[in-house]
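Welcome! Have a look at the protein below, turn it around a little, and then try the exercises at your own pace.

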Amino acid sequence: MMRTRPLKVALLGCGVVGSEVTRIITTQSADLAARIGAPIELAGIAVRRPNRVREGVPAELLTTDATALVKRGDLDVVVEVIGGIEPVRTLITTAFEHGASVVSANKALLAADGASLHAQAAEHGVDLYYEAAVAGAIPLIRPLRESLAGDKVNRVLGIVNGTTNFILDKMDTTGAGYSEALDEATALGYAEADPTADVEGFDAAAKAAILAGIAFHTRVTIDDVHREGLTEVTAADIASAKKMGCTVKLLAICERARDGRSVTARVHPAMIPLSHPLASVRGAYNAVFVEAEAAGRLMFYGPGAGGAPTASAVLGDLVAACRNKLAATTGAGESAYTQLPVSPMGDVVTRYHISLDVADKPGVLAQVATVFAEHDVSIDTVRQQGRSQGLGGDTNDGAADAPGGAGRLREGGEASLVVVTHRAPDAALSATVASLRTLDTVRGVASIMRVEGE
Ligand SMILES: NC(=O)C1=CN([C@@H]2O[C@H](COP(=O)(O)OP(=O)(O)OC[C@H]3O[C@@H](n4cnc5c(N)ncnc54)[C@H](OP(=O)(O)O)[C@@H]3O)[C@@H](O)[C@H]2O)C=CC1
Ligand SMILES: N[C@@H](CC=O)C(=O)O
């Protein structure tokens, strides 16, 4: 039966996501009312620039005073789609204090302060939902929190940033330049207000922290996540990946240690084989694998950024929060968390693709191989490409099976040596690279990239 008093909802922010949320609330009001059991009334929309043209947004609802809006005291739900830490944290806290549940798409804030916000929501008997904060439209938070609550998740791996996937995909498939691809992602509404968050991996690291926390029932913040962005990825890396039958993706990887006593969380570019399902994730799409003991391997896939897809996730949370308000209950509180230590990146074990600029003379390959052996890093393949002094581009380009197994480097000039390792601890690889840099014959380490997904 439909309740007569409408549920009052305030919107903080009306940009890429907020304008789509407004559109859906205003154009699908009857459907939403039927699903909730009461109509939604938009009580106000806080923005910075009220005079900006906003198609389909009721101008009379706009305000620049977000604080006054959340202090009204009659709001059922506040939807926060501004982004960033402050003033948003204070606005959300104020909303809780005034009895409103909060729906947010703000991964930066959740990854920094999720535990405290959950505690405050519980203290005030209201909800905090944030499905849109990770992987846009893809339902991921709720499946992890609810559907997999009875299982033991050991690994979460995937592409969780649409902007960087869009950029890498464009560079790989159309040969577009980095800046051109980033501009296009920004124009399409995928990038954060400051795209540094995307390209330097902060956005993906925030999402990794949120996912690891929920998946492993432990507290993980963005500071616990090892982070490398894609600004160091070169066209040569992408070309090299292609030669290996791989592509480059920015991955988020969260793992529970085998003994269950610690976890790791990391974000970095990685080469993955073209045969891996993540290799075919195009444009601003995201895809996440969740590996659980009983369920096995699950894959979640869909649009990871953009106004409408993100609004879909926000609306799902809004309906849930409104239903709870009607039933005078709360839904997804924080589950009983343990505090597992987060291990450093040095403990992570994976494979590596290392590209070295070396002197093109006899004995170099053996020298390089010795350094790998000294640090207990086993080499899988070596590929040599001559670069100068009459070598005329790539030569001797077949993979050699083992250190020393490749043909002798030709004398004079420089060559490029591409080494792919077997699985080794990150700390061992770092030590190997540090030693390689001390060799006279190693002129430079052109790139180091992890190889994942086998
Ligand atoms: N874009 C996407 O694809 C996705 C975004 N998100 C998250 O959603 C949130 C919003 O992103 P998005 O819509 O892209 O961002 P936008 O920059 O497009 O929109 C931000 C909105 O917040 C308003 N705003 C900024 N500061 C204030 C303030 N102090 N008081 C009141 N209003 C303010 C802006 O007002 P004005 O319009 O006047 O400038 C604007 O309407 C972020 O947390 C983002 O990380 C999550 C998933 C996907
Ligand atoms: N900037 C983010 C937006 C969604 O979270 C991205 O590109 O993934």
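The exercises below, each with a worked solution, concern a predicted model.

**Exercise 1. Describe the overall build of the protein.**

Solution. Start with the secondary structure: the protein has 14 helices and 17 strands. Next, compare its radius of gyration, 25 Å, with the 22 Å that the globule rule gives for 454 residues; the two are close, so the protein is as compact as a globular protein of that length. The C-alpha trace spans about 85 × 50 × 35 Å along the principal axes. Buried residues make up 47% of the 454 residues. Finally, consider contacts with a separation of 6 or more: 75% of them join residues 24 or more positions apart.

**Exercise 2. Find which buried residues helix 4 has, and work out how they are arranged around its axis.**

Solution. Begin with the list: in helix 4 (residues 88-97), Val88, Leu91, Ile92, Ala95 and Phe96 are buried. Seen down the axis, these residues fall within an arc of 140°, so they line one face of the helix. A general rule helps here: an α-helix has 3.6 residues a turn, so residues three or four places apart point the same way. Now look at the partners: the buried residues of helix 4 pack against strand 1 (7-12), helix 3 (66-70), strand 4 (77-80), strand 5 (101-104) and helix 5 (107-123). Just after the helix comes Gly99, with a positive phi of about 85°.

**Exercise 3. Do the same for helix 8, and say what is exposed on its other side.**

Solution. The buried residues of helix 8 (residues 178-187) are Ala181, Leu182 and Ala185. They cover an arc of only 100° around the axis, which puts them on the same side of helix 8. On the other side, Ser179 and Ala187 are exposed. The cover over the buried residues includes helix 7 (162-173) and helix 9 (196-199). Gly189, which follows helix 8, has a positive phi near 85°.

**Exercise 4. Explain where ligand 1 sits with respect to the two domains.**

Solution. First, see who surrounds the ligand: of the 29 residues around ligand 1, Gly13, Gly15, Gly83, Ala105 and Ala305 come nearest. Helix 1 (residues 16-27) gives the most to this shell, with 3 residues. Sorted by class, the shell has 15 nonpolar, 9 polar and 5 charged residues. Then check the domains: domain 1 (7-136 + 308-326) and domain 2 (141-304) both give residues to the shell, so ligand 1 lies between them.

**Exercise 5. Count the residues of each class around ligand 2.**

Solution. The residues around ligand 2 include Gly136, Asn161, Tyr190, Glu192, Asp198 and Asp203. By class, its shell has 3 nonpolar, 5 polar and 3 charged residues.

**Exercise 6. Look at the backbone at Pro87, Ala135 and His217.**

Solution. Keep the background in mind: most residues other than glycine have a negative phi, and most peptide bonds are trans. A cis peptide bond joins Glu86 and Pro87, with omega about 10°, and Pro87 is found in the loop between strand 4 and helix 4. Ala135 has a positive phi, near 65°, and lies in the loop between strand 6 (128-129) and helix 6. With 32 other C-beta atoms within 10 Å, Ala135 is buried. His217 also has a positive phi, of about 55°, in the loop between helix 10 (202-216) and strand 8 (226-227). Having 18 C-beta neighbours inside 10 Å, His217 counts as partly exposed.

Note on methods
Residues are numbered from 1 along each chain as its sequence is written. Chains are lettered from A and ligands numbered from 1 in the order in which they are written. This is a predicted model: local features need pLDDT of at least 70, side-chain atom pairs count only at pLDDT 80 or more; totals for chains, interfaces and linings use all residues. A residue is near a molecule or strand if its C-beta atom, placed from the backbone, lies within 6 Å of it. Helices (H or I, at least four residues) and strands (E, at least two) are DSSP runs, numbered from the N terminus. Ala, Val, Leu, Ile, Met, Phe, Trp, Tyr, Cys and Pro count as nonpolar, Asp, Glu, Lys and Arg as charged, and the others, Gly among them, as polar. Domain bounds come from an automatic or database domain assignment. A residue is buried if 20 or more other C-beta atoms lie within 10 Å of its own, exposed if 12 or fewer, and partly exposed in between; C-beta atoms are placed from the backbone. The arc is that of the directions from the helix axis to the C-beta atoms. Two residues are in contact if their C-beta atoms, placed from the backbone, lie within 7 Å. The radius of gyration is taken over C-alpha atoms; the globule rule is 2.2 Å times the number of residues to the power 0.38.
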